[in-house]
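Me: I'd like to learn how to read the sheet and the salt bridges in a model like this one. Can you walk me through it?

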Amino acid sequence: MSQVIKVGISDLNVARSPDALVTFALGSCVGICLYDRARKIAGLSHIMLPSSTMNRDPKQAYRFADTAIVILVQKMVAAGADKRRLTAKIAGGAKMFASVSDSSLSNIGMRNVMAVKETLLKLGIPIIAEDTGKDFGRTVYFYAEDGKMQVKSAKMGEWTL
């Protein structure tokens, strides 16, 4: 029997088929789904901020794109995934608050998305699907059985990538 593993804010986890991962409340945060199709191993990270240069506390490493993604890859490899086969799907990074200015605070979602893309590029992991930006929150389900990412939004409905 399969289970759905919850991934909180500033958290990450790994699942094997037939299990699934879910994260809620992706506003300006970004959910990063990594998948090894051959081994049916899935990983999901929910990051809040782009860069750990803001805080070098190792207890906070899951909070930042540049550190959380690296840790997620390590955990997936430890679970049997092959780093060379990993692909990524990402969602979130919304601009949740209307603002006259494009200050770094109001644009944290875009900065998060850019940091996630930069980190994945450095790690050589291709992004094969993306649902980022706009002005609405998301919940993401990620299925280890087939690598599908289901996105749900109270404002926009649901869709699969």
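Reply: Sure. Start with the pairing rule: two strands count as paired if DSSP finds at least two bridges between them. Keep in mind that this is a predicted model.

Me: Which strand order does the sheet have, and is it open or closed?

Reply: As a general idea, strands of a sheet pair through backbone hydrogen bonds, in either a parallel or an antiparallel way. Here 5 strands make an open sheet, ordered E2-E5-E4-E6-E7, with mixed pairing. E2 (11–16) and E7 (127–132) are the edge strands; each has a single partner strand, so one side of each lacks a neighbour in the sheet. On average, neighbouring strands are turned by 10° against each other, direction ignored.

Me: In what sense do E6 and E7 pair, and over how many bridges?

Reply: E6 (residues 87–92) pairs with E7 in the parallel sense, over 5 bridges. To find one of these on screen, go to Lys89, whose bridge partner in E7 is Ala129.

Me: Which strands does each helix lie across?

Reply: Take the helices one by one. H1 (residues 65–78) lies across E2, E4 (30–36) and E5 (41–47), and runs at about 160° to E5. H2 (residues 108–123) lies across E4, E5, E6 and E7, at about 25° to E4.

Me: On to charges. How many salt bridges does the structure hold?

Reply: There are 10 salt bridges. The cut-off to remember is a side-chain nitrogen of Lys or Arg within 4 Å of a carboxyl oxygen of Asp or Glu. Glu130 and Lys117 pass with 3.0 Å from N to O. Glu130 sits in strand E7 and Lys117 in helix H2, so this pair ties together parts that are 13 residues apart in sequence. Glu130 is partly exposed at 34% relative accessible area, and Lys117 is partly exposed at 33%.

Me: Are Arg138 and Asp131 buried or exposed?

Reply: For burial, the limit is under 20% relative accessible area. Arg138 is buried, at 2%, and Asp131 counts as buried too, at 9%. The two form a salt bridge, with their closest N and O atoms 2.8 Å apart.

Me: Which residues are linked in a network of salt bridges?

Reply: Look for Asp36, Asp82, Arg84 and Arg85, which are linked in such a network. Within it, Asp82 and Arg85 form a salt bridge with the closest N and O atoms 3.8 Å apart. Asp82 counts as buried at 18% relative accessibility, whereas Arg85 counts as partly exposed at 32%.

Technical notes. Residues are numbered from 1 along each chain as its sequence is written. This is a predicted model: local features need pLDDT of at least 70, side-chain atom pairs count only at pLDDT 80 or more; totals for chains, interfaces and linings use all residues. Side-chain values use heavy atoms; hydrogens and water are left out. Helices (H or I, at least four residues) and strands (E, at least two) are DSSP runs, numbered from the N terminus. Axes are lines fitted to C-alpha atoms, for helices over the stretch in contact, and angles run from 0 to 180 degrees between N-to-C directions. Contact means heavy atoms within 4.5 Å. Buried means under 20% relative accessible area, exposed over 50%, partly exposed in between (1.4 Å probe, protein chains only).
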